[in-house]
Amino acid sequence: MTYQGLIHRYGHLLDLPAHTQNISLLEGNTPLIPMPRLGKEFGCELFVKFEGLNPTGSFKDRGMTAAISEAVGRGAQTVICASTGNTAASAAAYASRAGLRSIVLIPEGKVAAGKLAGAIAYGAEVIQIQGSFDDALSLVVEITQKTPIALVNSINPYRVEGQKTAAFEICDVLDNAPDWLCLPVGNAGNITSYWAGFKQYQKGLPQVLGVQAAGSAPLVLGHPVDNPETIATAIRIGRPARGEQALEAAQQSNGRIIAVSDAEILSAQKILASEGVWVEPASAAGLAGLIAESAFGKFDASGKRIVVVCTGHGLKDPSVITDSFTSPKVIPANYEALISLVGG
Ligand SMILES: *Cc1c(COP(=O)(O)O)cnc(C)c1O
């Protein structure tokens, strides 16, 4: 039978209320791409779970199909979220699919072009906040406590339910959980969901390496960060809503949460692209973490099976690339000019 989306495939394993009405864009079922060349450098079997291939270009669609399906079933007419960009695009797409109004709050000037464009294209009412993601999230919580507007940030428990499916998919493809799972950590909904998913699925447990950006690393520092800064805008979050659960996942799995610099993130982004997988900066943090840990000798990857989660597509944030490259050469439109440039 053709693929019919996450709730159809894994709904029996998700704690969703009976009133849930399936709203799907056939999200999930993303490829687990083997990376033999890169894996060889670590002496391990390496895979990328490429979540950029979801309908709106990030893993947020897994949680959003669940959150919007529940909200529709309960009779919600308007949904709202705070977002660094990808949640906004995803909420807007699923709300439109369901015929709901969507409102998204984003930090002014801090959302990548491809994400903002997505939210607008899918029909969200986009509001910029003169403040951070964390400020936007506080406002969203307040308005959903005082009005019937439904909250679809990852503090919504159905988001976590939906996002567990990525762990199920990995186990289904590998037959077992990998030895290590490396992924970026922002608001910490995803790491929480993976850990819950692996525990529930009972195909073994990975050790979890959660990776924050150094300028935005509250879970590494042990305190909130008031003005988080990083080029990896999707993880530019100073007060992670599920921080406690992220630390628990790291600890229970005998893993850890570390921070990497923006330079390390950009370098990992280049390495992934050199293997044909272009991801947005935040999405490269998992690999950056793996590289950093190996370089410091804190990590013996050899013989291990490792999954790096690449959370969003490179097309989301093209300016990271276009701002730094020199424009392609211009030549006259004739063969002589072409062959003299390219060589034989
Ligand atoms: C949301 C997001 C993250 C961070 O996920 P959390 O659940 O907030 O920790 C990382 N990468 C991308 C591309 C995202 O959209």
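Start with the open sheet: four strands in the order 5-4-3-6, paired in parallel. Strands here, like helices, are DSSP runs numbered from the N terminus, with at least two residues (E) for a strand and at least four (H or I) for a helix. Two strands pair if DSSP finds at least two bridges between them. At the edges stand strand 5 (125–129) and strand 6 (150–151), and each has a single partner strand, so one side of each is left without a neighbour in the sheet.

This is a predicted model, where local features need pLDDT of at least 70 and side-chain atom pairs count only at pLDDT 80 or more, while totals for chains, interfaces and linings use all residues. Residues are numbered from 1 along each chain as its sequence is written, and side-chain values use heavy atoms, with hydrogens and water left out.

Now look at strand 4 (residues 101–107), which runs parallel to strand 5 and is joined to it by five bridges. Across that pairing, L105 sits opposite I127 of strand 5.

Just before that strand comes a loop. A124 is found there, between helix 5 (113–121) and strand 5. Is A124 buried or exposed? A124 is buried, at a relative accessible area of 12% (buried means under 20%, exposed over 50%, partly exposed in between, using a 1.4 Å probe and protein chains only). Setting aside neighbours within four places in sequence, A124 is in contact with A92, S102, V104 and A119, where contact means heavy atoms within 4.5 Å.

Move over to strand 3 (residues 78–82), and you'll find C81. C81 is buried too, with a relative accessible area of 1%. Not counting residues up to four places away in sequence, C81 touches a whole list of residues, including I103, V104 and L105. Follow the chain 201 residues from C81 to A282, and the two C-alpha atoms turn out to be separated by 20 Å.

Finally, the ligand. Which residues come closest to it? Of the 17 that surround the ligand, the closest are K60, N86, N187, N190 and T311 (a residue counts if one of its heavy atoms lies within 4 Å). N86 puts a polar side-chain atom 2.7 Å from a ligand oxygen atom. The backbone joins in as well: a polar backbone atom of N190 is 2.8 Å from an oxygen atom of the ligand, and for G189 a backbone N or O atom lies 3.1 Å from one. The protein covers 97% of the 380 Å² of accessible area that the ligand has on its own, as computed by the Shrake-Rupley method with a 1.4 Å probe.

Terms used
Polar contact = N/O pair within 3.5 Å; in protein donor to acceptor, adjacent residues only side chain to side chain.
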